[in-house]
Amino acid sequence: MSNAEKPMINYKPNNQFVKDRFHLNYFVKGKGKTDIVFLHGFGLSTYSWIFIENKFDLEKFRLVLIDLKGSGFSDKPKDGDYSIKAQAEIITSLLKHLRIKEFNLIAHSYGGIVGLYLLYLNNGKNIPKAILEDTPGFNDFTPFFIKALKNPLLRFIGLKLLTPKFLAKKIIKKTFYNDNESISRLLRQYTYFYSLKHNDRAMIKMAEQLVPKNLDEIIENYKNIESKILVVWGENDELVSLVQGQKLKQRFKNSEMSIIKECGHVPHEEKPNEFFEAIVEFLN
């Protein structure tokens, strides 16, 4: 962490939930009666939500923002279980610790895969509303950086020979529509988190265990989900195409879709105002 370039705002670990000697970092904001759980994308952290978290009415909502295992300020154990099932289980344990029985969900990309598993566990009966943002929900898609992390030669080049700053710049260019503006605004923050100790090995483990072993069963179960689903997508997403989002939306029995124009894979960072407008009416 000493080699990590500091972010442009004051950002540091907050609450630590401990389970079997594993430390999960999370933030709780607001004091409302409606809980919203936030799950970030691959290689990101709770920092990813800073552009929208203060837009919520914190008298009405309570936000629970989680650094997934291997991400942000959560632990990155060397030989740990980084499966989607394991991610869902520790989130469930945290929510039990916080005495949260029912919650709404906002989940992006990799976090959306974890969110789909949470919906699968009991058909979403404890999740009245779920927002799935640019979430790969099928078994016919693997992002370029996941392929690279699974390849021993490419991941050695990407994680050992390239600097975190160079890697962050490449990721931003691939995931944002207006990449030049996004690089100038986000490069320092992305570089900071890619520089954290053991981040590289955690990303490899997460990539290797990305696909749930029972993915076909989870996909088949989409039609049984009782939650109201809002699928939000960046129109110009190059990682997970809009067609994937439309396909996902059609699988749920109670769903709607919102498309953010001139936007890539991370709408809540690239177009936070438009993203919030798309979700606030749904949540209210």
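This passage walks through the fold of one protein chain, from its overall make-up to a few individual residues.

The model described here is a predicted one. Its secondary structure comes to 11 helices and eight strands. Of the 284 residues of the chain, 56% count as buried. Among contacts with a separation of 6 or more, 77% join residues that are 24 or more positions apart.

A good place to start is the interior. In soluble globular proteins, nonpolar side chains tend to be buried together. Here, the largest nonpolar core has 64 residues, and those with the most contacts inside it are Leu39, Ile66 and Tyr190. Helix H2, residues 110-121, supplies the largest share of this core, with eight residues. A second, separate core of 28 residues includes Phe38, Ile50, Ile52 and Ile106. Leu39 gives a feel for how such a residue is surrounded: beyond the residues up to four places away in sequence, its contacts include Trp49, Ile66, Leu68, Ile91, Val114 and Leu118.

Helix H1 can be followed in some detail. It has 14 residues and reaches 20 Å from its first C-alpha to its last, close to the 20 Å expected at 1.5 Å a residue. Which residues of H1 are buried? They are Ile84, Ala86, Gln87, Ala88, Ile90, Ile91, Leu94 and Leu95. A helical repeat is useful to keep in mind when reading such a list: an α-helix has 3.6 residues a turn, so residues three or four places apart point the same way. The cover over the buried residues of H1 includes strands E1 (15-19), E2 (22-29), E3 (34-39) and E4, together with helices H2 and H7 (199-208). Strand E1 contains Lys19, which is partly exposed, with a relative accessible area of 33%. Setting aside neighbours within four places in sequence, Lys19 is in contact with Ile90 and Ser93. Lys19 and Leu94 are 75 residues apart in sequence, yet their C-alpha atoms are 8.7 Å apart in space.

Backbone angles offer another view of the chain. Most residues other than glycine have a negative phi, and most peptide bonds are trans. Arg99, which follows H1, has a positive phi, near 60°. Asp20 also has a positive phi, near 50°, and lies in the loop between E1 and E2. Asp134 has a positive phi of about 45° and is found in the loop between strand E6 (129-133) and helix H3 (144-150). Are these two aspartates buried or exposed? Asp20 is exposed, with a relative accessible area of 69%, whereas Asp134 is buried, at 0%.

Asp134 appears again in the surroundings of His265. This histidine sits in the loop between strand E8 (255-260) and helix H10 (267-270). His265 counts as buried because its relative accessibility is 5%, and the cut-off for buried is under 20%. Apart from neighbours within four places in sequence, His265 is in contact with His108, Ser109, Asp134, Thr175, Asp237, Leu239 and Val240.

Charged residues complete the picture. A search of the whole structure finds eight salt bridges. One of them joins Lys29 and Glu53, with the closest N and O atoms 2.2 Å apart. This pair links distant parts of the chain, as Lys29 is in strand E2 and Glu53 is in the loop between E3 and E4, 24 residues apart. Lys29 is partly exposed, at 27%, while Glu53 is buried, at 7%. The side chains of Lys174 and Glu238 also meet in a salt bridge, at 3.8 Å from N to O. Here the partners are 64 residues apart, with Lys174 in helix H5 (residues 164-175) and Glu238 in the loop between strand E7 (228-234) and helix H9 (242-251). Lys174 counts as partly exposed, at 32% relative accessibility, and Glu238 is exposed, at 57%. A further salt bridge is formed by Asp179 and Lys173, whose closest N and O atoms are 3.2 Å apart.

Lys76 offers a contrasting case. It lies in the loop between strand E4 (61-66) and helix H1 (84-97). Lys76 is buried yet has no salt bridge; Asp75, the nearest side chain of opposite charge, is 7.1 Å away. What does the side chain of Lys76 reach? It reaches the backbone oxygen of Ser74, at 3.1 Å. Leaving aside neighbours within four places in sequence, the contacts of Lys76 include Gly70, Ser71, Tyr82, Lys197, His198 and Asn199.

Technical notes. Residues are numbered from 1 along each chain as its sequence is written. This is a predicted model: local features need pLDDT of at least 70, side-chain atom pairs count only at pLDDT 80 or more; totals for chains, interfaces and linings use all residues. Side-chain values use heavy atoms; hydrogens and water are left out. Helices (H or I, at least four residues) and strands (E, at least two) are DSSP runs, numbered from the N terminus. Buried means under 20% relative accessible area, exposed over 50%, partly exposed in between (1.4 Å probe, protein chains only). Lys and Arg count as positive and Asp and Glu as negative; His and the chain ends are not counted. A salt bridge is a side-chain nitrogen of Lys or Arg within 4 Å of a carboxyl oxygen of Asp or Glu. A polar contact is a pair of N or O atoms within 3.5 Å; within protein, one must be able to donate a hydrogen and the other to accept it, and residues adjacent in sequence count only if both atoms are side-chain atoms. Contact means heavy atoms within 4.5 Å. A nonpolar core is a set of buried Ala, Val, Leu, Ile, Met, Phe, Trp, Tyr and Cys residues joined through side-chain atoms within 4.5 Å. The expected span of a helix is 1.5 Å times one less than its number of residues.
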